[in-house]
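The exercises below treat one structure in stages. Please read each task, attempt it with the structure in view, and then follow the solution.

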Amino acid sequence: RHTERYIYLVESFLEGDARNASLGQTLILMTTHPIATLSNLLSVARIEAVLQMFGPTLFLSMLAPMELLVAAPALGANLLAESERQHGFNLHYSFSVAPFVYVSAAAGWIHFRKLGRKLSRCRSSRPITWRPWAAFVIGAMGVASVLFCYWGGEMFFTKSYPRDKYKRQDRYETGRDIIARIPPNARVSAQSCLGVHLTNRLHIYEFDQIRDAEYIVLDLASINEERRWWPLTGRQVFVDRVKALLNSGQWSTFAFEEDYLVLRRSQTGQLDSRTVLNRLDAIIRKGL
């Protein structure tokens with residue numbers, strides 16, 4: 001279902017609508033045109049991702065390719081994907097790779113020691129004292145980890161830390177109050193930025209999956225922020241989906257304060273759709 005993330009690799013070899021290509025076609029073309037496939041790995045974003053992945057362990061993983069091989073499918077899937085968001089570390093994509101990087105780095109250190117012993121025996125020199133080497137490698141890893149974290153990490157001291165993103169707004173109190181009013185056993189569909197506050201329940205869906213949800217929880221003001229409409233494909237798609245719900249006749253307004261909108265499944269309840277639609281239009285105009 002994620003084939004579209006890799007179509008760009010073979011688009012030039014396909015006729016017609018490349019987006020309709022099957023997974024089989026894509027894999028065959030990627031394999032039969034390896035130079036074209038590998039050339040896509042040479043972008044700045046991908047090179048940075050590789051450096052950030054292996055830099056903190058001083059690339060010791062490269063000395064243990066068999067141990068690192070476990071991570072090859074996930075690493076390949078991430079680096080070959082079209083979206084740069086899949087290469088880096090600010091989302092979940094790297095989680096399936098990172099453990100094996102550290103396991104293979106430990107194995108790489110063992111292989112490094114074995115190689116040192118062999119070289120020492122070949123030259124008939126005195127055995128290498130490994131304790132100073134180990135201390136040096138541990139210290140270098142610590143320094144490298146801090147530097148790479150500063151360069152591309154998500155900690156408070158990092159270079160690109162988005163301080164404005166985590167500032168508390170007065171309206172958040174209203175949001176918490178509204179969420180607290182929703183019955184604890186209710187089935188809820190929530191916008192991704194609000195779902196984390198509702199996960200202490202058995203049935204919670206990410207909007208716009210609704211299924212059997214009894215409540216829909218949205219933060220209309222957030223749609224002008226980056227990708228707050230996810231997993232929908234854009235802000236306008238989000239707005240159109242909300243308008244369709246308001247006009248469906250299946251929902252009533254449970255709460256609408258400070259741009260937090262909670263709809264309750266109901267055929268007979270009150271729904272002030274005109275007020276919501278006017279506010280939506282105002283929010284969109286503000287973001288343009």
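**Exercise 1. Locate D208 and P231, and describe the peptide bond that leads into each.**

Step 1. D208 is placed in the loop between β2 (204-206) and β3, where strands are DSSP runs of E with at least two residues and helices are runs of H or I with at least four, numbered from the N terminus. The model is a predicted one, in which local features need pLDDT of at least 70, side-chain atom pairs count only at pLDDT 80 or more, and totals for chains, interfaces and linings use all residues. Residues are numbered from 1 along each chain as its sequence is written, and side-chain values use heavy atoms, with hydrogens and water left out.

Step 2. F207 and D208 are joined by a cis peptide bond, with omega about 25°.

Step 3. P231 belongs to the loop between β3 and α10 (235-246). The bond from W230 to P231 is cis, and its omega is near 10°.

Step 4. As background, most peptide bonds are trans.

**Exercise 2. State the phi values of L58 and F59, and classify the accessibility of each residue.**

Step 1. L58 sits in the loop between α3 (44-54) and α4 (65-68), and F59 lies in the loop between α3 and α4.

Step 2. L58 has a positive phi near 60°; for F59, phi is likewise positive and near 60°. Most residues other than glycine have a negative phi.

Step 3. L58 counts as partly exposed because its relative accessibility is 33%. F59 is partly exposed because its value is 31%. Here buried means under 20% relative accessible area, exposed over 50%, and partly exposed in between (1.4 Å probe, protein chains only).

**Exercise 3. Trace the salt bridges that involve R171 and R181.**

Step 1. The whole structure contains 9 salt bridges, each being a side-chain nitrogen of Lys or Arg within 4 Å of a carboxyl oxygen of Asp or Glu.

Step 2. D219 and R171 form a salt bridge at 2.6 Å, N to O. This pair links distant parts of the chain, since D219 is in strand β3 (residues 215-219) and R171 in helix α8 (residues 171-181), 48 residues apart. Both D219 and R171 are buried.

Step 3. D177 and R181 form a salt bridge at 2.8 Å, N to O. Because D177 and R181 are 4 residues apart in helix α8, about one helical turn separates them. D177 is partly exposed at 40% relative accessibility, and R181 is partly exposed at 35%.

Step 4. R181 also forms a salt bridge with E257, with the closest N and O atoms 3.0 Å apart. E257 lies in strand β4 (residues 251-257) and R181 in helix α8, so this pair ties together parts 76 residues apart in sequence. E257 is partly exposed, with 32% relative accessibility.

Step 5. R168, E173 and R176 are joined into one network by salt bridges that share partners.

**Exercise 4. Describe how helix α6 packs with helix α7.**

Step 1. Helix α6 (residues 98-122) and helix α7 (residues 130-152) pack at about 145°, with axes 12 Å apart. Axes are lines fitted to C-alpha atoms, for helices over the stretch in contact, and angles run from 0 to 180 degrees between N-to-C directions.

Step 2. The contact (heavy atoms within 4.5 Å) involves W109, F112, R113, G116 and R117 of α6, together with W130, W133, A134 and V137 of α7.
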